[in-house]
Amino acid sequence: MSVSTATGLVELFLHPPLGLMRLEPLPNGPYAGLFTITRPRLNVNVDAYGFRYLVQDFPAGYGITPGPGTNYFDRTVVSAALTHQLLDGAIVTSQTGRFNSTAAYLLFNESFPRGVTIETAPGITVNLWWMVRLI
Amino acid sequence: MPRGYVWGVYVADDFRARFAKLVDADDFQQFERGWTSNAVDTLEVFPQQSRPRKVYGTSATTGRKGSAVIASTSAALWNGSVREFRIMANDGTADVITVTRRVGERLRRGHL
C-alpha cells in the first residue's frame, strides 16, 4: 500500500472527523446477549473507526428517563470491550465502554482492533452500525 | 380528599407476581400511578427489603423534589404518557412534580 503524503498516512490510522464518516449497518440484527463482531479486510480484523448502537427493544420494567438527543436507562444496557493482538500474539483488552443510553457510539482509541465484544443487558436488543470512511 | 392508607395491587415487572402494598389513600386515587384494588386481599404483602419501581422529579414552581411508587409497568407515569404527578408537601400544600427519572424495581424474593 502506498500513500502520497504524510497526511494520507495519518489518515490511515486515525479516524476522520465525524462529518466525514458514514454508518454501515451490520447484517442479521438485532443483536442480543454476548457476542463479538468483526469487519475483516486483508490482514485487518476490524476495518472500521468505531461502532454505533441503537436499542431496539427493552423490558417494560427498565426505568427510562427522557433526555436531550437520547434517553437514559436506570442501568447499564450495553457493555463493549475492544481487543488488540500484540506483536507477540498476546491479546489484550484495550478499551471498554459501558452505556446506559438508548443510542451511542464508540470510536476506537487505537486502530484496527482484533474484535469488538459487546454484551447487552437481559431483554435488550440492539441494532449496530460500523463507523467507516465516507467513500 | 381521603385520609390514611389503603391496600393496593403492585404488579411485578414480569406481570405474573402480584403483591399487596400499603399505599397513601391520596396517591391511590391518582390513576397515573397505576394502583388497583382487585382481589388485593388474596395477595401476599410486598416482600421486605425489596424496592418498588419509582419515578422521581422536581416541582417546576417550587423546586421541591418528589417521588412516586408506580404500581405497574403499564401505568401512565411509567410509560411516559403522563409526566406529572401530585404530592402533598410537608407544609400541607399540594405540589405538581414533573418526572425527571425512572428507576426500576428490585425484588429480594424469588418468584415465578
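Which residue meets the side chain of Arg53(B) in a salt bridge with N to O at 3.2 Å? Keep that question in mind on the way round this predicted model, in which local features need pLDDT of at least 70 and side-chain atom pairs count only at pLDDT 80 or more, while totals for chains, interfaces and linings use all residues. Residues are numbered from 1 along each chain as its sequence is written, chains are lettered from A and ligands numbered from 1 in the order in which they are written, and side-chain values use heavy atoms, with hydrogens and water left out.

Begin by selecting chain A, where you will find one helix and 10 strands; helices (H or I, at least four residues) and strands (E, at least two) are DSSP runs, numbered from the N terminus. Following the chain from the N terminus, you pass the elements in the order α-β-β-β-β-β-β-β-β-β-β. Its C-alpha atoms fill a box of roughly 55 × 35 × 25 Å along the principal axes. Of the 135 residues in chain A, 39% are buried, where buried means under 20% relative accessible area, exposed over 50%, and partly exposed in between (1.4 Å probe, protein chains only).

Next, turn to the salt bridges, of which the structure holds nine over all chains; the term stands for a side-chain nitrogen of Lys or Arg within 4 Å of a carboxyl oxygen of Asp or Glu. Side chains of opposite charge can pair when their charged atoms come close.

Select Asp13(B) and Arg53(B), whose side chains meet in a salt bridge at 2.9 Å, N to O. Asp13(B) lies in the loop between β1 (5–11) and β2 (18–24) of chain B and Arg53(B) in the loop between β3 (44–45) and β4 (54–59), so this pair ties together parts that are 40 residues apart in sequence. Asp13(B) is partly exposed at 23% relative accessibility, whereas Arg53(B) is buried at 0%.

Keep Arg53(B) selected and add Glu105(B), the partner asked about at the start, for the side chains of these two residues meet in a salt bridge at 3.2 Å, N to O. Here Glu105(B) sits in the segment after β7 (94–103) of chain B, 52 residues apart from Arg53(B), and Glu105(B) counts as buried at 14% relative accessibility.

Finally, select Arg64(B) and Asp95(B), which form a salt bridge with their closest N and O atoms 2.7 Å apart. Arg64(B) is in the loop between β4 and β5 (65–69) of chain B and Asp95(B) in strand β7, 31 residues apart. Arg64(B) is partly exposed at 23% relative accessibility, while Asp95(B) is buried at 5%.
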